[in-house]
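Biologist: Please take me through one part of this model in detail. I would like the strands around it described first, and then the residues that connect it to its surroundings.

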Amino acid sequence: QVQLVESGGGLVQAGGSLRLSCAASGSLYVIDTMGWYRQIPGKQRDLVASIIRGGTTNYADSVKGRFTISRDSAKNTVYLEMNGLKPEDTALYYCNLKGLTYLGAFEIWGQGTLVTVSS
């Protein structure tokens, strides 16, 4: 019913910037929260940033002041602007959506987009 398509990952030098995009498609659902998580091999998937329906945002301490999450409600798209990238930001970034359909609550994930930051 709902699908997430991610884009924007790539290779950048330390101190550079990238913008990730995640577009949600489908119908007959309401978005509660959209966010970005990241994961490196052998470790758990951790929250980077999220934005709730009312517009409130939250960030992992490690990215505060460097990353900004935003949304375009008309397009059901969430963005992650990443500035001042560090090698430790290297990870597979996953888009996450928590929503509600007429059948109940659900959660879905994007396929992931790779961000690599060189020293």
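Modeller: A strand here is a DSSP run of E at least two residues long, and strands are numbered from the N terminus. With that settled, the part I have chosen is the largest pocket of this predicted model, together with the strands that line it.

The largest pocket holds about 190 Å³ of space. Its lining is made of 14 residues, and those nearest the centre are I31, M34, R71, S73 and N76. Strand β4, residues 29-39, gives the most to this lining, with 6 residues. β4, β7 and β8 each supply at least two residues of the lining.

Two of these contributors, β7 and β8, form a hairpin with 4 residues between them. In the turn, N76 has a positive phi of about 50°, and N76 is also one of the residues nearest the pocket centre. The two strands run antiparallel and are joined by 6 bridges, with β8 covering residues 77-82. R71, another residue nearest the centre, has V78 in β8 as its bridge partner. S70 is likewise bridged to β8, where its partner is Y79.

The hairpin belongs to an open sheet of 4 strands, paired antiparallel in the order β1-β3-β8-β7. The edge strands are β1 (2-7) and β7 (67-72), each of which pairs on one side only. From one strand to the next, the twist averages 15°.

Just ahead of β7 comes R66, placed in the loop between β6 (57-59) and β7. R66 has a relative accessibility of 13%, so it counts as buried, the cut-off being under 20%. Leaving out residues up to four places away in sequence, R66 touches E81, M82, N83, G84, L85, K86 and D89. Of these, E81 and M82 fall within β8 (77-82).

On the β4 side, G35 lies in that strand. G35 is buried because its relative accessible area is 2%. Beyond its neighbours within four places in sequence, G35 is in contact with A49, S50, I69, Y94, C95 and N96. One of these, I69, falls within β7 (67-72). G35 and D72 are 37 residues apart in sequence, and their C-alpha atoms are 13 Å apart in space.

The contact with N96 leads on to strand β9, residues 91-101, where N96 lies. N96 is buried too, since its relative accessible area is 1%. Residues up to four places away in sequence aside, N96 touches L4, T33, M34, G35, Y37, E107, I108 and W109. Among them, M34 is also one of the residues nearest the pocket centre, and L4 falls within the edge strand β1 (2-7). The side chain of N96 makes a polar contact with the side chain of E107, at 2.8 Å. A14 is 82 residues from N96 along the chain, and 26 Å separates their C-alpha atoms.

To put the parts together: the pocket is lined by residues from β4, β7 and β8, among others. G35 in β4 touches both I69 and N96, and N96 in turn touches M34.

How values were computed: Residues are numbered from 1 along each chain as its sequence is written. This is a predicted model: local features need pLDDT of at least 70, side-chain atom pairs count only at pLDDT 80 or more; totals for chains, interfaces and linings use all residues. Side-chain values use heavy atoms; hydrogens and water are left out. Two strands pair if DSSP finds at least two bridges between them. Axes are lines fitted to C-alpha atoms, for helices over the stretch in contact, and angles run from 0 to 180 degrees between N-to-C directions. Buried means under 20% relative accessible area, exposed over 50%, partly exposed in between (1.4 Å probe, protein chains only). Contact means heavy atoms within 4.5 Å. A polar contact is a pair of N or O atoms within 3.5 Å; within protein, one must be able to donate a hydrogen and the other to accept it, and residues adjacent in sequence count only if both atoms are side-chain atoms. On a 1 Å grid over the protein atoms alone, a cavity is a set of points where a 1.4 Å probe fits but cannot get out, and a pocket is an open set with protein on both sides within 12 Å along at least five of seven lines; lining residues have an atom within 4 Å of a point. Grid points are joined across faces, edges and corners, and a volume is the space filled by probe spheres set on the points.
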